[in-house]
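Visitor: Hi, could you walk me through a protein structure? I'm new to this, so plain words please.

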Amino acid sequence: MQTFTDIDLNFIRHPGTGDVTRLFNLDAIRNSIMNIVSGKPFEKPFDEFYGTGIRGILFSLNTPITQTIVRRIVKERLELYEPRITVDDVVINGGTEKEQAYAIDRHELNIEISYTVKNYGTQTVKIEMERVR
């Protein structure tokens, strides 16, 4: 079975070695997904398409059309930049009608990404973004 490794971008020191701690397998993939979704274009040098830039959408009206655009962008960028996964589904502001209405009123985006990792099965990551005034 293949092992995936990444560094923890919180830059927490390893107590034994004093080096930056590492993330392995599913944690490394989850970290990569979070970085791609929360990143914005031109943030990564020499790769202007890395990231989704959806934080800027938080200041737009939260409508079904906006949610469709966010869903498409997230799926597209994950397929492009995270070859270790297969994106199964992206749900924006899921839950009950009351939870959806609350998220829309507060200009929040609750993104739930279901994906499959070879040899690990289906996984889900939830990302909550809200506008800061």
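Guide: Let's go from the overall layout to the sheet, the helices and then some charged pairs. One thing up front: this is a predicted model.

Visitor: Okay, how many helices and strands does the protein have?

Guide: The protein has three helices and five strands. Starting from the N terminus, the elements run β-β-α-α-β-α-β-β.

Visitor: And what box do the C-alpha atoms fill?

Guide: Roughly 45 × 35 × 30 Å, taken along the principal axes. Of the 133 residues, 35% count as buried.

Visitor: What about contacts between residues at least 6 apart in sequence: what share join residues at least 24 apart?

Guide: That share is 46%.

Visitor: Let's do the sheet. Which strands form it, and in what order?

Guide: It's an open sheet of three strands, ordered β3-β4-β5, with antiparallel pairing. β3 covers 85-92 and β5 covers 121-130; these two stand at the edges with a single partner strand each, so one side of each has no neighbour in the sheet. On average, neighbouring strands here are turned by 20° against each other, ignoring direction.

Visitor: How many bridges pair β4 with β5?

Guide: Ten bridges, in the antiparallel sense, and β4 is made of residues 108-117. If you want a spot to look at, find S114: it stands opposite T124 in β5.

Visitor: Which helix touches β3, β4 and β5?

Guide: That's α1, residues 25-38, which packs on the sheet and makes about 35° with the direction of β5. Helix α2, residues 64-81, lies across β3 and β4 and runs at about 165° to β3.

Visitor: At what angle do α1 and α2 pack?

Guide: About 130°, and their axes are 10 Å apart. That makes α1 oblique to α2. The crossing of the two helices is right-handed.

Visitor: Which residues meet there?

Guide: From α1 you have I33, I36 and V37, and they meet V74, R77, L78 and Y81 of α2.

Visitor: New topic: salt bridges. How many are there?

Guide: The count comes to four. The background is that side chains of opposite charge can pair when their charged atoms come close.

Visitor: Show me one inside a helix. Where do R30 and D27 lie?

Guide: Both lie in α1, three residues apart, which is about one turn of the helix. R30 forms a salt bridge with D27, and their closest N and O atoms are 3.1 Å apart.

Visitor: Why does R30 count as partly exposed?

Guide: Because its relative accessibility is 28%, and partly exposed is the range between the buried cut-off, under 20%, and the exposed one, over 50%. D27 is partly exposed too, at 42%.

Visitor: Got another one, maybe in α2?

Guide: Sure, E76 forms a salt bridge with R72, the closest N and O atoms being 3.5 Å apart. The two are four residues apart in α2, so about one helical turn separates them. E76 is partly exposed with a relative accessible area of 38%, and R72 is partly exposed at 48%.

Visitor: And how far apart are the closest N and O atoms of R84 and E82?

Guide: They're 2.6 Å apart, and this pair is a salt bridge as well.

Visitor: Is E82 buried or exposed?

Guide: E82 is buried, with a relative accessible area of 2%. Its partner R84 counts as partly exposed, at 25% relative accessibility.

Notes
Residues are numbered from 1 along each chain as its sequence is written. This is a predicted model: local features need pLDDT of at least 70, side-chain atom pairs count only at pLDDT 80 or more; totals for chains, interfaces and linings use all residues. Side-chain values use heavy atoms; hydrogens and water are left out. Two strands pair if DSSP finds at least two bridges between them. Axes are lines fitted to C-alpha atoms, for helices over the stretch in contact, and angles run from 0 to 180 degrees between N-to-C directions. Contact means heavy atoms within 4.5 Å. A salt bridge is a side-chain nitrogen of Lys or Arg within 4 Å of a carboxyl oxygen of Asp or Glu. Buried means under 20% relative accessible area, exposed over 50%, partly exposed in between (1.4 Å probe, protein chains only). Angles under 35 degrees count as roughly parallel, over 145 as roughly antiparallel, 65 to 115 as roughly perpendicular and the rest as oblique. A crossing is left-handed if the near helix is turned anticlockwise from the far one by less than a right angle, and right-handed if clockwise.
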